[in-house]
Number of protein chains: 2
Amino acid sequence: MIILLDQDGPLAEFEEGFLKNWRTRFPKEVAVEVEQRTQFEIYSDYPERLRDQVVSIYHTPGFFLSLKVVDGAVEAVRKIQELRHELFICTSPLSAFEHCVSEKYLWVEKYFGRDLTRRIILTKDKTLVRGDILIDDKPEITGLVIPSWEHVLFNAPYNRAVSNGRKIITWNNWREILKI
Amino acid sequence: MIILLDQDGPLAEFEEGFLKNWRTRFPKEVAVEVEQRTQFEIYSDYPERLRDQVVSIYHTPGFFLSLKVVDGAVEAVRKIQELRHELFICTSPLSAFEHCVSEKYLWVEKYFGRDLTRRIILTKDKTLVRGDILIDDKPEITGLVIPSWEHVLFNAPYNRAVSNGRKIITWNNWREILKI
């Protein structure tokens with residue numbers, strides 16, 4: 001199987017990283033706990049007046065590189081590769097690509113080694129990438145064509161209510177969900 | 001049509017950029033004129049003992065960003081988009097991704113504007129990307145799957161002898177070759 005794996009969410013702790021930086025930079029503002037998040041875009045869970053501040057967190061140089069790795073992700077990736085599946089990291093850069101793009105590569109190298117950086121696919125349209133499975137926390141993934149992959153939702157508070165029958169995966173249940 | 005367009009070769013003057021920097025950095029060494037190039041990888045056209053020096057040119061920070069734009073490329077890209085085709089830039093980063101990755105985005109922004117940076121697809125395996133046409137100067141493009149696209153060769157001295165019946169395109173004949 002060709003397994004496409006999203007980076008922020010399944011591998012990198014984007015949510016926790018955001019919240020930690022948010023509290024440090026804007027300690028007097030409201031902060032939404034990860035478990036209270038209901039929308040995919042963080043700024044949609046914050047008051048409209050805070051949108052620029054929210055965005056400024058993940059536009060900051062070093063933000064992507066500083067993210068922690070999700071518990072169990074390193075072991076799961078190694079295991080999927082041992083099982084001889086073809087694993088690629090399929091990730092969408094921010095439109096403000098300046099720091100995000102190179103930091104995403106550096107981050108993969110830091111936690112998974114240089115070999116896996118050769119399997120990064122950077123695209124804003126994931127429907128154009130061929131695969132059997134896409135593991136992604138984003139609830140709705142749209143693009144130019146009908147995807148070849150089945151979208152398996154990586155478990156997140158903002159996608160549970162909108163799973164619409166899609167499987168929800170974690171690094172605890174992945175073998176069962178993917179049936180591998 | 002979904003048209004995938006390689007970056008180095010069809011858009012960026014990689015060959016000229018290499019040669020200019022090579023002559024400046026290693027003025028006493030042999031230099032292979034662009035028209036004399038016979039292999040896709042530049043180091044294959046140089047003596048084995050010079051391989052590290054050859055590679056050091058395109059590993060230098062600023063190299064990718066400094067490349068000139070190919071004559072006619074800006075107008076052709078604009079025209080393809082006016083004709084309502086879906087154009088994406090489909091480019092493989094160096095394994096030494098450090099400067100290359102972010103400079104490829106900056107370069108596209110510099111010559112084509114920020115909107116086109118949203119249509120960059122970075123991947124070492126282009127067979128995984130869906131499209132009708134891939135315009136690429138690389139003679140043999142292999143990967144995990146059988147591509148959905150037709151490979152049209154962007155004219156280069158090192159691919160003419162190995163075109164194997166594939167169409168050869170330039171920014172002078174593209175409308176005729178693509179029949180659009």
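**Exercise 1.** In which helix of chain A do Trp107(A) and Tyr111(A) both lie, and how many residues apart are they?

*Solution.* A word on the ground rules: this is a predicted model, where local features need pLDDT of at least 70, side-chain atom pairs count only at pLDDT 80 or more, and totals for chains, interfaces and linings use all residues. Residues are numbered from 1 along each chain as its sequence is written, chains are lettered from A and ligands numbered from 1 in the order written, and side-chain values use heavy atoms, leaving out hydrogens and water.

Step 1: find the helix. Both residues belong to H5 of chain A (helices are DSSP runs of H or I, at least four residues, numbered from the N terminus), and they are four residues apart, about one turn.

Step 2: look just past its end. Gly113(A) follows H5(A), with a positive phi near 90 degrees.

**Exercise 2.** Work out whether Trp107(A), Tyr111(A) and Phe112(A) are buried or partly exposed.

*Solution.* Use the cut-offs: buried is under 20% relative accessible area, exposed over 50%, partly exposed in between (1.4 Å probe, protein chains only).

Step 1: Trp107(A) comes out at 1%, so it's buried.

Step 2: Phe112(A), at 16%, is buried too.

Step 3: Tyr111(A) has 27%, so call it partly exposed.

**Exercise 3.** Classify the ring pair of Trp107(A) and Phe112(A).

*Solution.* Step 1: the centres are 6.0 Å apart; rings of Phe, Tyr and Trp (its six-membered ring) pair if their centres lie within 6.5 Å.

Step 2: the planes sit at 50 degrees, so the pair is tilted; under 30 degrees would be stacked, over 60 edge-to-face, and the rest are tilted.

Notes:
Helices (H or I, at least four residues) and strands (E, at least two) are DSSP runs, numbered from the N terminus.
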